[in-house]
Amino acid sequence: MKEKYLINARLIDPKNNMDEFGGLIVDSKGQIKAAGKKVANGNLPSGAEKIDLKKQVLIPGIVDMRVFVGEPGYEYKENFRTLSDAALSGGVTSVVSMPNTSPVIDNVSMVDFLKRRGRDKSKINIFPAATLTKNAEGKQMTEFGLLKRKGIIAFTDGTKTIQDPEVMSRIMNLASQSQTLIMQHAEDNILSKNGLINEGEISTRLGLKGIPFLAEKIIVERDLSFLEEYYCRYHISQISSAKTISVIKKAKKDGKIFTAGVSINNLSLNENDIGDFKTFLKLSPPLRTENDRLALVESVNDGTVDVIVSDHKPQDEESKRLTFAQAATGATGVETLLPLCLELFHNKSVKLKKLIASITSNPAKILGINKGSFDKGSDADLCVFDINKAWVVDKNKLKSKSKNTPVENRKLQGQVLKTFVKGELSYERV
Amino acid sequence: MAVIKKLKAVKFIQNHLLGIQDISFSQVAEILKQAKTFITLNKSSSKKMDILRGKTQINLFFEPSTRTQSSFELAGKRLGADVMSMNIVNSAIKKGETLIDTAMTLNAMHPDIIVIRHPDSGAPNLLSQKVNCAVINAGDGRREHPTQALLDALTIINRRGKVEGLKIAICGDILHSRVARSNIYLMNMLGAEVNVVAPKTLLPHSIERLGVKAFTDMKKGLDGCDIVMMLRLQNERMHGSFLASAREYYEFFGLTPDKLKLAKKNALIMHPGPMNRGVEIDTNLADDINRSVIREQVEFGVAIRMACLKIFCKKT
C-alpha cells in the first residue's frame, strides 16, 4: 500500500486534545504515521497518494461497544456484510458484537466461526464479545482464559444480566486475577419482569407494565459493592436513569475505577416518543423521562458516563408488527450514531470533543485496542464527515438489513463522507 | 343534560372508538343522547331496528368475556346487523397467527365494524391501522374500556341527572383496571371529582397525573362521595404478592355497610362485574335495590353499544 496523505482537514482527536486544521499521513502498513497541523499541504513525496478533504472533519474511526449482528442464527435480521455496509456509512470502523446469537457465543469453537465470517464478509473490525455464562443463563461461567487466548476482549451476557449475586461475585473475583473486561447489562429480572416501558405516567396511561428505574439502580449498586472486594475491569453497558447516574457519580468520586456507557437512544429520545404504541421504541433499557434524558446528556458532558453506544439491534419487520407486549425489543442505530451525537453538539448540549471521545478514544481505551486516536502507530481507521450537512432519516436508504430505526424522518445535521479502515478507503458517499 | 341537548350536528372525525382519550365532550354527549333513545327501545316488545341492515359486525375476542361480548352481540342484532362472534382465545392465536394476520383475514371478508377485546394494551390501535372498517375497543389490556365508562356515565345520569359536580370514588385494583382508566378520563371530562382508593400495591405509578386524588384509606376516599364504583379483584393478584390475603383485603377495602356510611346517604353502588361477593363487596349491598345500580349498568350497556355501533359504523 502506498503512503496516503489526507490533507486540508479539520482533525479532532480527543485523546491528544487536538482540534486543528492540517493533515494525516497513513503509512504503508495502514497505520498512522503523523497527524496535525505539522502535516502541511505542500511538499508531498511524489509517490504518495494525496486526498484533499476540503476542510471537512476528520476523526478516528468510531468504536461502537454494543452492536448486535444476526450471525449465527438470525441472518435474516442482519449479517456481517450488511452490518459492515451500515457501519461504514455511519463512520463506524470497529464494533463489539453481542453474544446473544443462536447459538450463543460461549465457547472457543464459536469464536473461530465468528472471526472467520467477520473477516471474510465485513470490512470493519469485529470484536466479538463472549458470554459470561454458558448459554447466557447466568449460572455456569464460561472459559474466560481459553476465550481470551482466542482473541475475545470483552465478556457480557449481552441482553441479560447476571442475576445471581454469588455467580456475579465469582465472575468478578475470577476476572480480577486476569484483568478480564466484564460488561453488565444492568437490570434486575424480577423487578423488570414483563415490563415494557419506563414505569411512570406514560406506562399508566398506555396501560403497559412499567420497568422501574430501581431495576437498574439496584444491580449497579450491587455490582459496585462487589467491585470493592473484587477489583476487576468492570463496565456498565448502558444506563438509563438519573438515579443510576447519582450512584455512579458518587462511586467514581469515592475513587472506584470502572466505566459506564449510554445508548444514543436514551440521549436522543424519551418515553413520550413512544406515542401511540410505536414498537420501534421498545428498547432495553427503556426510554425514560425527559429529566432522565437531560441527566444522561449532562453525564456525558461531565464524564460520569464514558461511552456512547448505538445499541444497534436489527429486528425484522414481522417481529415489530405486533402488539407492544409481543413486539421484539431494540432498534438499529449504527448508521445514525454519529449524526445523533452531533445533534447534541449542534443544540449545545455537549462539547464536540466530549462527544467524539465517547465514541472513539474512550471505548478504545476500555477495550484496550490500538484504535480511537491519531497516535503514531495506531490503526488508520478514520471517519470524515461534514459537520453541517442536513439530511432526513429515510429507513429505505439506510443500509442495515432491518429497517427498525427509532429516528425515522428525523432531521439531522452532520453526515459521514468517507470511512477508512486500516488506511483503505472503505466507504465514500456518492 | 341541558347543555347536551343544545348541541347540534356533532361530528365524529375519527373512524374508530379506541378510547375515551380520543373522543371529545360533545362526542360523548352525542353518544349518551343516542343511547338514551335506545333504552326505551330495548324495553319495548319490538326491539329490532334496521339501521345497520346489511352491515357486518365481527366481535373479535382474544380474552374470555360473557357480558361485554353478549352485550355487543345483542346491540348489533337489535340494529339489524349481521353479527359474528369469534373467540380467538382457543383458535387461531394458538396456532401462531399474529393479530395482524387475523385482522387481514377478517378484513378480506369486508366487515363494516370490528369489536375487539385483547389482553395487550394498544391492540385495537394496531388493528385500526390495518383494516378498512371501524374498530371499537371492547377492552385492551389495562388501557381502556370506553363503552364500559360510557355506560357508567349513562347510569349515573339516569339516576342523578348529571355527572358534573358529583364526587366519585373508584375502589379496588386500579393498577390492572382498564375500567378505572376509562372512567377516570370520562368522569373528569364530564366534570366530576374522582377519588381512587386502593392499597398502594394496586395503585399505578403517577396516577394523580390523570387528575384524581389517590387514597389508601376507604374512610377518607369515600368521604362525601355520590358514587362508589367497585372494581373486581382478580384472584390471580393474590399470588403475585400484591396483597396478603382476600380476608385482609375485604377487611380494609371491601365495601361493607359500615364503610358505605362514610359516603353520602344516598350514594349509589356500581360494579362493572363480574362480582366477587365477599371479596370486594358485601353480598347484601350488591343486591340492595335502593343503592346498587349494577343491573342497570348491564341494561344500559346494550344501549350504549347500540349508539356506538350506529355512530361509528355509519361512517364506513
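# A tour of chains A and B

Begin in chain A, where strands β6, β7 and β8 form an open sheet of three strands in the order β6-β7-β8, with parallel pairing. If you colour β6 (62-67) and β8 (125-128) of chain A, you mark the edges of this sheet, and because each has a single partner strand, one side of each is left without a neighbour in the sheet. Looking along the sheet, you should find neighbouring strands turned by 20° against each other on average, direction ignored. Keep in mind throughout that this is a predicted model.

Next, select residues 92-97 of chain A, which make up strand β7, and display the backbone toward β8(A): the two strands pair in the parallel sense over four bridges. To locate one point in this pairing, label Val95(A), whose bridge partner in β8(A) is Ile126(A). Then add residues 80-89 of chain A, the helix α1, which lies across β6, β7 and β8 of chain A and runs at about 135° to β7(A).

Further along chain A, select residues 181-184 and 233-236, that is, strands β10 and β13, which run parallel and are joined by four bridges. Here Leu181(A) has Arg233(A) in β13(A) as its bridge partner. Keep β13(A) on display and add strand β14 (residues 259-263) of chain A, with which β13(A) pairs in the parallel sense over two bridges. A convenient pair to label is His235(A) with Thr259(A), its bridge partner in β14(A).

Now move to chain B and select the strands of its open sheet, five in number, which follow the order β7-β6-β5-β8-β9 with parallel pairing. The edges are held by β7 (213-215) and β9 (268-270) of chain B, each of which has a single partner strand, so one side of each is left without a neighbour in the sheet. In this sheet, neighbouring strands are turned by 20° against each other on average, direction ignored.

Within the sheet of chain B, select residues 167-171 for β5 and residues 193-197 for β6, two strands that pair in the parallel sense over five bridges. Label Ile170(B) and you will find it opposite Val196(B) in β6(B). Then bring in helix α6 (residues 146-160) of chain B, which packs on the sheet and touches β5, β8 (227-230) and β9 of chain B, its direction making about 165° with that of β9(B).

Finally, show both chains together and select the residues at their interface, where 23 residues of chain B are in contact with 16 residues of chain A. The two chains bury about 1,700 Å² between them, with 52% of that area on carbon and sulfur atoms.

Which residues should you select to see a salt bridge here? Display the side chains of Arg209(B) and Glu201(A), which meet in a salt bridge at 2.7 Å, N to O; across this interface the rule finds one salt bridge. It also finds eight residue pairs in polar contact between chain B and chain A, both residues being at pLDDT 80 or more.

To see what chain B brings to this interface, colour α4 (99-107), α5 (123-130) and α7 (178-189) of chain B, the elements that give two or more residues to the side that touches chain A. Of these, α5(B) gives the most, with five residues. If you colour this side of chain B by residue type, its residues divide into eight nonpolar, nine polar and six charged.

Note on methods: Residues are numbered from 1 along each chain as its sequence is written. Chains are lettered from A and ligands numbered from 1 in the order in which they are written. This is a predicted model: local features need pLDDT of at least 70, side-chain atom pairs count only at pLDDT 80 or more; totals for chains, interfaces and linings use all residues. Side-chain values use heavy atoms; hydrogens and water are left out. Two strands pair if DSSP finds at least two bridges between them. Axes are lines fitted to C-alpha atoms, for helices over the stretch in contact, and angles run from 0 to 180 degrees between N-to-C directions. Contact means heavy atoms within 4.5 Å. Buried area is the accessible area (1.4 Å probe) that two parts lose on being put together, summed over both. A salt bridge is a side-chain nitrogen of Lys or Arg within 4 Å of a carboxyl oxygen of Asp or Glu. A polar contact is a pair of N or O atoms within 3.5 Å; within protein, one must be able to donate a hydrogen and the other to accept it, and residues adjacent in sequence count only if both atoms are side-chain atoms. Ala, Val, Leu, Ile, Met, Phe, Trp, Tyr, Cys and Pro count as nonpolar, Asp, Glu, Lys and Arg as charged, and the others, Gly among them, as polar.
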